[in-house]
Amino acid sequence: MKNKLFILLLFWGCFTFISFAQQAGEIVLSKKDSVAVKKINIDPLSPARAAFYSAVLPGLGQLHNKQYWKVPIIYAGMGAGIYFYTRNNKQYKRYRDIYKRRLAGFTDDEFTNQTTGEQILSDDSLIDAQRFYSKNKDLSLLVTAAFYILNIVDANVSAHLAQFNVNENLTIRPDFYQNEIDYKPNLGLTLNYHF
């Protein structure tokens with residue numbers, strides 16, 4: 001019991017220290033030799049706000065992140081999904097209604113030759129067409145839902161990455177150099193950190 005209480009107090013103390021050590025709101029960058037101080041305001045709720053905006057109205061989170069070029073892509077993807085859903089739903093209902101009328105005994109559908117009474121499409125073909133369009137209808141709905149979810153995730157991730165510190169003091173660059181032994185060009189990565 002005594003050990004559990006000690007461990008609990010230790011964790012509580014560590015987390016309290018960590019929470020007081022973090023500075024929310026702004027990052028201050030300064031150089032030792034110069035007087036210039038650069039302040040970057042960081043809004044910790046910006047990613048959540050962007051995700052909420054995109055959930056309410058697709059594309060609004062991208063507008064919040066000032067990524068205007070993504071909005072037409074989102075609406076084109078969702079619009080294509082909705083278009084194919086309605087098209088497949090219409091075809092599914094068409095074949096379903098013809099099959100129901102045939103089961104009721106009617107022979108005046110568009111897939112029956114009116115002069116001879118011969119069926120152009122059999123009942124099995126009508127059932128297969130219903131299954132085909134039902135599957136495509138469901139797939140179109142999944143594509144639309146995927147674009148909606150990706151819209152929310154993209155807004156959230158873009159808002160997080162907008163707050164990422166991209167500074168010339170810490171860079172990874174490709175490095176091309178010539179080998180001193182056989183004089184062949186080599187490719188590498190250099191990690192530069194300037195204090």
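This briefing walks through the helices, rings and charged pairs of the structure above. It is a predicted model. The protein has 5 helices and 4 strands, and from the N terminus on they run α-β-β-α-α-α-α-β-β. Buried residues make up 20% of its 195 residues. Among contacts between residues at least 6 apart in sequence, 43% join residues at least 24 apart.

**Helices α4 and α5**

- Start with α5, which covers residues 123-162. At 1.5 Å a residue, its 40 residues should span 58 Å, and the end C-alpha atoms are 58 Å apart, so the model agrees with the expectation.
- You can do the exercise again with α4: its 34 residues should span 50 Å, and its end C-alpha atoms are 49 Å apart, which agrees.
- The buried residues of α5 include L126, A129, Y133, N136 and S140. Among the elements that cover the buried residues of α5 are α2 (46-56), α3 (60-64) and α4 (70-103).
- On α4, the buried residues include V71, I74, G77, M78 and I98. The buried residues of α4 pack against α3 and α5.
- Just after α4 comes G105, which takes a positive phi of about 105 degrees.

**Two residues of α5 to look up**

- Q130 is found in helix α5. With a relative accessible area of 13%, Q130 is buried because the cut-off for that label is under 20%. Leaving aside neighbours within four places in sequence, Q130 is in contact with Y92, Y95, R96 and Y99.
- K137 also lies in helix α5. What is the nearest side chain of opposite charge to K137? The nearest one is D138, 5.2 Å away, and K137 is buried yet has no salt bridge.
- Not counting residues up to four places away in sequence, K137 touches Y85, N88, N89 and Y92.

**Aromatic rings**

- A pair of aromatic rings is described by the distance of the centres and the angle of the planes.
- The count here comes to 5 aromatic pairs. One of them is Y83 with F84, an edge-to-face pair at 5.1 Å centre to centre and 70 degrees between the planes. Y83 counts as partly exposed at 49% relative accessibility, and F84 is partly exposed too, with a relative accessible area of 38%.
- Y95 and F111 have ring centres 5.5 Å apart and planes at 5 degrees, so this pair is stacked. Since Y95 lies in helix α4 and F111 in the loop between α4 and α5, the pair ties together parts that are 16 residues apart in sequence.
- Are Y95 and F111 buried or exposed? Both are buried. Ring pairs also link Y95, F111, F132 and Y133 into a cluster.
- Charged groups visit rings as well. R94 lies over the face of Y95, at 5.1 Å from the ring centre, while the charged end of R101 sits over the ring of F106, 4.2 Å from its centre.

**Salt bridges**

- Side chains of opposite charge can pair when their charged atoms come close.
- The count comes to 7 salt bridges. In one of these, the side chains of D154 and K70 meet at 2.9 Å, N to O. D154 lies in helix α5 and K70 in helix α4, so the pair ties together parts that are 84 residues apart in sequence.
- D154 counts as partly exposed at 23% relative accessibility, whereas K70 counts as buried at 14%.
- R102 forms a salt bridge with D109 (3.1 Å, N to O). D109 counts as buried at 7% relative accessibility, and R102 is buried with a relative accessible area of 11%.
- R102 also forms a salt bridge with D123, the closest N and O atoms being 3.2 Å apart. This pair links distant parts of the chain, with D123 in helix α5 and R102 in helix α4, 21 residues apart. D123 is partly exposed, with a relative accessible area of 30%.
- Put these together and you get R102, D109 and D123 linked in a network of salt bridges.

**A look at strand β4**

- L187 is found in strand β4 (residues 185-193), and at 61% relative accessibility L187 counts as exposed.
- L187 and D175 are 12 residues apart along the chain, and their C-alpha atoms are separated by 5.8 Å. Not counting residues up to four places away in sequence, L187 touches P174, D175 and F176.

Methods
Residues are numbered from 1 along each chain as its sequence is written. This is a predicted model: local features need pLDDT of at least 70, side-chain atom pairs count only at pLDDT 80 or more; totals for chains, interfaces and linings use all residues. Side-chain values use heavy atoms; hydrogens and water are left out. Helices (H or I, at least four residues) and strands (E, at least two) are DSSP runs, numbered from the N terminus. The expected span of a helix is 1.5 Å times one less than its number of residues. Buried means under 20% relative accessible area, exposed over 50%, partly exposed in between (1.4 Å probe, protein chains only). Contact means heavy atoms within 4.5 Å. Rings of Phe, Tyr and Trp (its six-membered ring) pair if their centres lie within 6.5 Å; planes under 30 degrees apart count as stacked, over 60 as edge-to-face and the rest as tilted. A charge sits over a ring if NZ of Lys or CZ of Arg is within 6 Å of the ring centre and within 35 degrees of the ring normal. Lys and Arg count as positive and Asp and Glu as negative; His and the chain ends are not counted. A salt bridge is a side-chain nitrogen of Lys or Arg within 4 Å of a carboxyl oxygen of Asp or Glu.
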